[in-house]
Amino acid sequence: MKMKVLVLFVATVLVAYECRGSDYQKFPLQMKTGFGGQYSNEVACASWRLGVEANNVVKWQTVPAACGEYIADYVLGDQYRSDFKTVNQQAYFYAKSLKLTNKDVFVLDVDDTTLSNLQYFANHGFGVEPHNTTAFKNWVLDGEAFALPEILKMYNKLLAFGIKIVFLSERPLSLGDVTAKNLKEVGFNTWEKLIFRDPSEYSGKLSFEYKSAEREKLEKEGYRIIGNVGDQWSDLLGSNKGTRTFKLPNPLYYD
């Protein structure tokens with residue numbers, strides 16, 4: 001009797017396995033053509049954003065038109081701020097664990113790392129529209145960018161540790177004064193250095209080349225770059241990038 005029960009049990013398991021196996025065989029391993037294939041735009045756009053943040057999707061010009069609403073919802077919603085907070089928390093925990101010297105610096109990018117350009121992008125399709133250099137310059141000249149709150153918290157904590165702050169911006173020297181004023185107005189009141197791109201020195205250079213060269217200058221001056229924070233991979237790649245880098249989320253543009 002026990003043997004019959006055992007045989008019946010095994011047969012039942014095998015039938016169930018075969019049924020599930022047939023279901024798996026029906027699962028489409030190849031996506032249908034078109035953006036997202038058989039997936040919804042939301043799912044496909046979330047995958048696109050992951051590819052951007054992981055630096056797997058590169059040299060893209062604009063946010064895909066199908067993802068405009070998704071990206072707007074992301075950068076205006078709780079997830080963006082939570083992602084920003086997570087990265088800044090890790091930077092804080094890291095800095096807190098270090099034995100510091102008086103020459104230790106954190107390098108911080110400016111645009112969409114320190115100062116938010118969300119107001120600008122809200123009026124220009126949240127990255128779906130091609131970048132307009134003139135319109136963006138006019139936005140910067142207004143000096144109305146607000147501080148990204150989580151980076152401001154970390155900035156104050158780093159200063160409390162005795163860590164020096166170096167702002168390394170892609171903005172040109174001609175926008176230096178308005179940027180410095182904007183930074184101070186939103187709470188970034190002090191820094192060791194505020195560096196802007198000098199066209200006479202870096203004309204034709206890629207962003208990561210310019211930033212690598214400026215970080216090299218810092219190290220030659222005796223500074224130790226213990227942290228490097230930016231929203232673009234060009235902020236973090238290249239040489240002299242520091243002991244540790246922290247990539248903040250930004251699916252709005254590629255630099």
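## Overall composition

Of the 255 residues in the protein chain, 40% are buried. The model is a predicted one. Its protein chain holds 11 helices and 7 strands. When contacts between residues at least 6 apart in sequence are taken, 70% of them join residues at least 24 apart. The exposed area of the protein chain is about 14,300 Å², and 56% of that area comes from carbon and sulfur atoms.

## Strand S6 and its partners

Strand S6 covers residues 224-230, and 6 of its 7 residues are buried, so the strand is largely enclosed by the rest of the structure. Strand S1 (residues 104-108) pairs with S6 in the parallel sense, over 5 bridges. Within this pairing, Asp104 has Arg224 of S6 as its bridge partner.

S6 also pairs with strand S7 (residues 245-247), again in the parallel sense, here over 3 bridges. Gly230 has its bridge partner in S7, namely Lys247.

## Helix H7

Helix H7 runs over residues 149-161. Its 13 residues, at 1.5 Å a residue, should span 18 Å, and the end C-alpha atoms lie 19 Å apart, which agrees. Just after the helix, Gly162 takes a positive phi of about 95°.

The buried residues in H7 include Glu150, Ile151, Leu152, Met154, Tyr155 and Leu158. Their cover includes helix H4, strands S1 and S6, strand S3 (146-147) and strand S4 (164-172).

## Phe84 in helix H4

Phe84 is part of helix H4, which spans residues 78-96. Its relative accessible area is 2%, below the 20% limit, so Phe84 counts as buried. Leaving aside residues up to four places away in sequence, Phe84 touches Asp112, Thr113, Leu148, Glu150, Ile151, Leu248 and Pro249. Two of these contacts, Glu150 and Ile151, are themselves buried residues of H7.

Phe84 and Asn250 are 166 residues apart along the chain, yet their C-alpha atoms are separated by 9.5 Å.

## Helix H3 and the loop before it

Helix H3 (residues 68-76) has Gly68, Tyr70, Ile71, Ala72, Tyr74 and Val75 as its buried residues. These residues pack against helix H2 (41-53), H4 and H5.

The loop between H2 and H3 contains Ala65. With 67% relative accessibility, Ala65 lies over the 50% limit and therefore counts as exposed. The C-alpha atoms of Ala65 and Glu129 are separated by 8.7 Å, with their positions 64 residues apart along the chain.

## The largest pocket

The largest pocket holds about 900 Å³ of space. Its lining is made by 37 residues, and those nearest the centre are His131, Phe136, Glu170, Tyr253 and Asp255.

Several elements each supply at least two lining residues: helix H5 (118-122), helix H6 (133-142), S4, helix H10 (207-220) and helix H11 (233-236). S4 gives the most, with 4 residues. S4 is also among the elements that cover the buried residues of H7, and H5 is among those against which the buried residues of H3 pack.

Technical notes
Residues numbered from 1 in each chain as written. Predicted model: local features only at pLDDT ≥ 70, side-chain atom pairs only at ≥ 80, totals over all residues. Heavy atoms only, no water. Buried < 20%, exposed > 50% of the residue type's maximum accessible area, 1.4 Å probe, protein only. Pairing = 2+ DSSP bridges. Contact = heavy atoms within 4.5 Å. Areas by Shrake-Rupley, 256 points an atom, 1.4 Å probe, with all protein chains shown as cover. Expected span 1.5 Å × (residues − 1). 1 Å grid on protein atoms, 1.4 Å probe; cavity = no way out; pocket = protein on both sides within 12 Å on 5 of 7 lines; lining within 4 Å. Points joined across faces, edges and corners; volume = space filled by probe spheres on them.
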